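Let us walk through this fold together, strand by strand and then into the core. Please keep the structure open beside the text as you read.

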Amino acid sequence: MSPAYIQHNPLIANGPDALGKFFGQITKERARARVVVHKIIAVGDYVFAHVNFLNLFNDDPKDTGIAGVDIYKMDADGKAIEHWDTLQFVGTPENSAPWFAPNVPRANPNGMF
């Protein structure tokens, strides 16, 4: 990562140290915390990652996680200089949107809403 790394997620400050501090605290507090990487795609100066953050905010063994798409802009040296993400809670077929209301059934076969 570039020392000038810009983080567009309001939960994490700019800079590589802030990113390490955020995830370091998560893993220190939650034994089950982990990230499942589903796919990484690189196009030009950008890298996209589809991930599932598990136990990011709790240590529940039944946590279904938060789906994320990370977008990194890379410099000419291959270092991340900027980052954006979008996050969505992952539910179950019977409880697809636990943050919205309990027991909202899934409306499509893809697993979200």
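A definition helps before we meet the hairpins: two strands count as paired if DSSP finds at least two bridges between them. With that in hand, look at S2 and S3, which form a hairpin with two residues between them. In its turn sits Gly44, with a positive phi of about 60°. Bear in mind throughout that this is a predicted model.

Now step back to the overall plan. The protein has one helix and five strands, and from the N terminus on its elements run β-α-β-β-β-β. Along the principal axes, the C-alpha atoms fill a box of roughly 45 × 30 × 20 Å.

The five strands make an open sheet with mixed pairing, in the order S1-S5-S4-S3-S2. Strand S1 (6-7) and strand S2 (34-43) stand at the edges with a single partner strand each, so one side of each is left without a neighbour in the sheet.

Let us cross the sheet from the S2 edge. S2 and S3 run antiparallel and are joined by nine bridges; Arg34 stands opposite Leu54 in S3. Moving on, strand S3 (residues 46-54) and strand S4 (residues 66-74) are also antiparallel, with eight bridges between them. Here you can find Val47 opposite Tyr72 and Asn52 opposite Ala67. Ala67 also stands opposite Gln88 in S5, so to speak a useful landmark as you pass to the next pair. S4 and S5 are antiparallel too, and nine bridges hold the pair in register on the DSSP count. Their hairpin has five residues between the strands, and within it Gly78 takes a positive phi near 80°. At the other edge, S1 and strand S5 (residues 80-89) run parallel, joined by two bridges. Ile6 stands opposite Glu82 in S5.

With the sheet in view, where do the nonpolar side chains gather? In soluble globular proteins, nonpolar side chains tend to be buried together. In this model the largest nonpolar core has 13 residues, and those with the most contacts inside it are Ile12, Ile26, Phe53 and Leu56. Helix H1 (16-29) and S3 are the elements that give two or more residues to this core. H1 gives the most, with four residues.

Leu56 deserves a closer look. Leaving aside its neighbours within four places in sequence, Leu56 is in contact with Phe23, Ile26, Arg30, Asp63 and Ile66.

Just before Leu56 comes a residue with a backbone feature to note: which sign does the phi of Asn55 have? Most residues other than glycine have a negative phi. Asn55, although not a glycine, has a positive phi of about 55°. Asn55 lies in the loop between S3 and S4, and with a relative accessible area of 2% it is buried.

Finally, some totals for the protein. Buried residues make up 28% of the 113 residues. Of the contacts with a separation of 6 or more, 31% are between residues 24 or more positions apart. The protein exposes about 7300 Å², with carbon and sulfur atoms supplying 59% of it. As for charge, the mean positions of the 10 positive and 12 negative charges are 6 Å apart.

Methods. Residues numbered from 1 in each chain as written. Predicted model: local features only at pLDDT ≥ 70, side-chain atom pairs only at ≥ 80, totals over all residues. Heavy atoms only, no water. Buried < 20%, exposed > 50% of the residue type's maximum accessible area, 1.4 Å probe, protein only. Contact = heavy atoms within 4.5 Å. Areas by Shrake-Rupley, 256 points an atom, 1.4 Å probe, with all protein chains shown as cover. Lys, Arg positive; Asp, Glu negative; His and termini not counted. Charge placed at Lys NZ, Arg CZ, Asp CG, Glu CD. Core = buried A, V, L, I, M, F, W, Y, C linked by side-chain atoms within 4.5 Å.
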